[in-house]
Amino acid sequence: MKKATFTAKLLAATTLGFSVFTFAPAANATSLVPTTEGEIALKNNGNACLSNAANCIDTTSLGYTVESFAYNSNYKASLLFVDDSKTQNNYLKSGLGITFLKTDEGTTSNASTQWFRPVALDQKGNPVENGRLEVGMFEFVFNKVVDGLKLNFFDIEDSGFSGLLEVNGVSATTLFPGGVDKNIQSLPVLNSVKSFKVQLGQPQTKTFPNTGDGVLLQASVPEPATAVSLGVLAVAGMFGLRKGKKASQAN
Ligand SMILES: [Ca+2]
Ligand SMILES: [Ca+2]
Ligand SMILES: [Ca+2]
């Protein structure tokens with residue numbers, strides 16, 4: 001009986017190990033959005049932060065870098081922050097305030113979720129609308145080719161300018177239609193991605209002629225590393241059990 005129980009346990013462990021290994025990549029995702037709020041150090045800014053954010057986030061260790069581009073001749077390349085609407089944040093750039101409110105005038109994500117949040121800069125490089133015009137064009141470059149990349153766009157309310165522009169430096173324009181307030185629109189997962197370029201929002205749109213349409217971004221990839229380590233743990237546990245048994249038999 002004891003032996004049968006052990007075999008059953010072993011089978012259960014094996015099944016668990018392989019099911020975790022097989023299904024986890026599809027079920028789990030690793031967000032590429034840093035979990036700490038702060039400014040992203042952008043390549044075009046010399047990998048430095050231009051505000052006084054306490055957290056200047058170097059994304060290199062996360063496996064990617066970000067470059068910001070001017071999307072319109074009336075604006076300079078935007079800054080990029082990580083924001084969670086749970087907290088209000090006050091930053092300064094060139095002595096001018098960037099204030100992220102808990103409830104933004106137009107673009108309020110759910111609390112306790114982190115998003116990439118653009119901050120539009122005018123021609124002088126000053127934050128527009130106290131940093132609350134969430135518009136920008138960004139290219140993310142990975143340090144290796146990634147599969148299963150998922151992009152979520154938050155709060156696209158005007159059509160024809162927010163979405164994907166390029167993948168691996170090649171035009172792959174996929175722009176979303178406008179949706180209701182707080183909508184989230186996603187692209188089908190992208191594979192073999194070394195880099196991707198997105199456009200988030202636009203100033204002075206049809207729906208928002210005095211401000212613009214602010215848009216936030218989330219990016220995630222499947223989590224094969226963790227899935228593998230979980231599988232390995234299960235297998236290691238199995239071997240541990242066997243070793244233990246052999247040892248006890250030897251004694
Ligand atoms: Ca915040
Ligand atoms: Ca909105
Ligand atoms: Ca919007």
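The following questions and answers introduce a predicted model.

Student: Is I57 buried or exposed in this structure?
Tutor: I57 is found in strand β3, which covers residues 56–57. A residue counts as buried if 20 or more other C-beta atoms lie within 10 Å of its own. I57 has 20 other C-beta atoms within 10 Å, and therefore I57 is buried.

Student: What separation lies between the C-alpha atoms of I57 and E37?
Tutor: Leaving aside neighbours within four places in sequence, I57 is in contact with several residues, including T36 and G38. E37 itself is 20 residues from I57 along the chain. The separation of the C-alpha atoms of I57 and E37 is 8.6 Å.

Student: Which residue in β5 stands opposite G38?
Tutor: Strand β2 spans residues 38–40, and its pairing with β5 is antiparallel, over 2 bridges. G38 is also among the contacts of I57, once neighbours within four places in sequence are left aside. The residue of β5 opposite G38 is V82.

Student: Which residue in β8 is the bridge partner of L79?
Tutor: β5 and β8 pair in the antiparallel sense, and 7 bridges join them. Of the 9 residues in β5, 8 are buried, which leaves this strand mostly covered. In β8, the partner of L79 is V119.

Student: Which strand gives the most residues to the largest nonpolar core?
Tutor: The largest nonpolar core has 44 residues, and I40, L80, F116, L149, L217 and A219 have the most contacts inside it. At least two residues of this core come from each of β5, β8, β9, β10, β14 and β17. With 5 residues, the strand that gives the most to this core is β8.

Student: With which residues is L149 in contact, leaving aside its neighbours within four places in sequence?
Tutor: L149 is one of the residues with the most contacts inside the largest nonpolar core, and A219 is another. With sequence neighbours within four places left aside, the contacts of L149 are V189, L190, V193, A219 and V221.

Student: Which are the edge strands of the open sheet of 5 strands?
Tutor: This open sheet has the order β4-β9-β14-β11-β12, with antiparallel pairing. Its edge strands each pair on one side only. They are β4 (64–69) and β12 (170–175).

Student: Which residue in β14 stands opposite M137?
Tutor: β9 and β14 belong to the open sheet of 5 strands. The two pair in the antiparallel sense over 7 bridges. Opposite M137 in β14 stands Q199.

Note on methods: Residues are numbered from 1 along each chain as its sequence is written. Chains are lettered from A and ligands numbered from 1 in the order in which they are written. This is a predicted model: local features need pLDDT of at least 70, side-chain atom pairs count only at pLDDT 80 or more; totals for chains, interfaces and linings use all residues. Helices (H or I, at least four residues) and strands (E, at least two) are DSSP runs, numbered from the N terminus. A residue is buried if 20 or more other C-beta atoms lie within 10 Å of its own, exposed if 12 or fewer, and partly exposed in between; C-beta atoms are placed from the backbone. Two residues are in contact if their C-beta atoms, placed from the backbone, lie within 7 Å. A nonpolar core is a set of buried Ala, Val, Leu, Ile, Met, Phe, Trp, Tyr and Cys residues joined through C-beta atoms within 7 Å. Two strands pair if DSSP finds at least two bridges between them.
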